[in-house]
Amino acid sequence: MKKYNLFKLLFLLLFAASSCKSQNNNTSDKKIYSFKKGDDNGIGKWYLDREIAYVMGYEGINWLERPSREKEENTSKLIKNMNIQPTDIIADIGAGSGYHVFKMAPLANKGAVYAVDIQPEMLQAILYSEEYQTNKNIELIQGDEKNVNLPENTFDKVLMVDVYHEFNFPKEMIASIKKSLKKNGKIYLIEYRMEDPSIAIKKIHKMYEKQAVKEMKAAGFKLEKNIDNLPIQHCMVFTMNTES
């Protein structure tokens, strides 16, 4: 599987420009999305009264891997919040350079961790890392703007860290994620807290809990709990709403 991923990534990198389509205003359903000028860091596309942010490019890998990240975000506590079991099958959507993937893989040592990203350069960074060679239970998946390209009814847990607000097609993406989850699967939605103005992150890259609940409810999920123990982020746990 890892050899297959290597050749796949080499191919994708040759066509990175076409694989990573720029975000645009094209949509076939005007009832879902609207378009208007907003934040300078937004794409001018709105979903349920929230403007979508520009995607952080692979050029930002150094920021993802910054030495101060553990202290700023307490990522170790986030991983503990997930209560990862050895046999868990986990997907990290918007995995970037694998920062969280490499923390989860040793805990799910009898399961698997799927690193999903739209940018082949991010997957390449994971592929050539020492941690990827050490952990044999990591799978690399090239997603796209509307689909995570994961097998259906497979995942116990899905993690999204500071990425959901950048989805160009959030409705379609969550529908795709929903198909990949087991019936009792959980989504861990991590977003910088909009409720706290002291958090030094641009507003468009933060979310209110109320807004996240609104959007996830539209996709058929309910908030199980918001674990309030991270320094600057929500740790919102969503499960399928079987009553809807």
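**Note on aromatic contacts and charge-over-ring placements**

1. The charged end of R66 is placed over the ring of W63, at 3.9 Å from the ring's centre. The model under discussion is a predicted one, and the positions given here should be read as computed values.

2. A further arginine is placed over an aromatic ring: R69 lies over the face of Y99, and the distance to the ring centre is 4.4 Å.

3. As regards contacts between rings, the structure contains 4 aromatic pairs. One of them joins Y33 and Y47, whose ring centres are 5.5 Å apart. The planes of Y33 and Y47 meet at 45°, so this pair is classed as tilted, since that class takes the angles left between under 30 degrees (stacked) and over 60 (edge-to-face).

4. The Y33 and Y47 pair links distant parts of the chain, its members being 14 residues apart. Y33 belongs to strand β1 (residues 33-35), while Y47 belongs to strand β2 (residues 42-47). Y33 has a relative accessible area of 2% and is buried; Y47, at 6% relative accessibility, also counts as buried, because the cut-off for buried is under 20%.

5. Y164 and F167 form a pair with ring centres 5.5 Å apart. Their planes stand at 75°, so the arrangement is edge-to-face. Y164 counts as buried at 1% relative accessibility, and F167 counts as buried at 7%.

6. Finally, the tilted pair has a wider setting: Y33 and Y47 form one aromatic cluster together with F169.

Conventions: Residues are numbered from 1 along each chain as its sequence is written. This is a predicted model: local features need pLDDT of at least 70, side-chain atom pairs count only at pLDDT 80 or more; totals for chains, interfaces and linings use all residues. Side-chain values use heavy atoms; hydrogens and water are left out. Rings of Phe, Tyr and Trp (its six-membered ring) pair if their centres lie within 6.5 Å; planes under 30 degrees apart count as stacked, over 60 as edge-to-face and the rest as tilted. Helices (H or I, at least four residues) and strands (E, at least two) are DSSP runs, numbered from the N terminus. Buried means under 20% relative accessible area, exposed over 50%, partly exposed in between (1.4 Å probe, protein chains only). A charge sits over a ring if NZ of Lys or CZ of Arg is within 6 Å of the ring centre and within 35 degrees of the ring normal.
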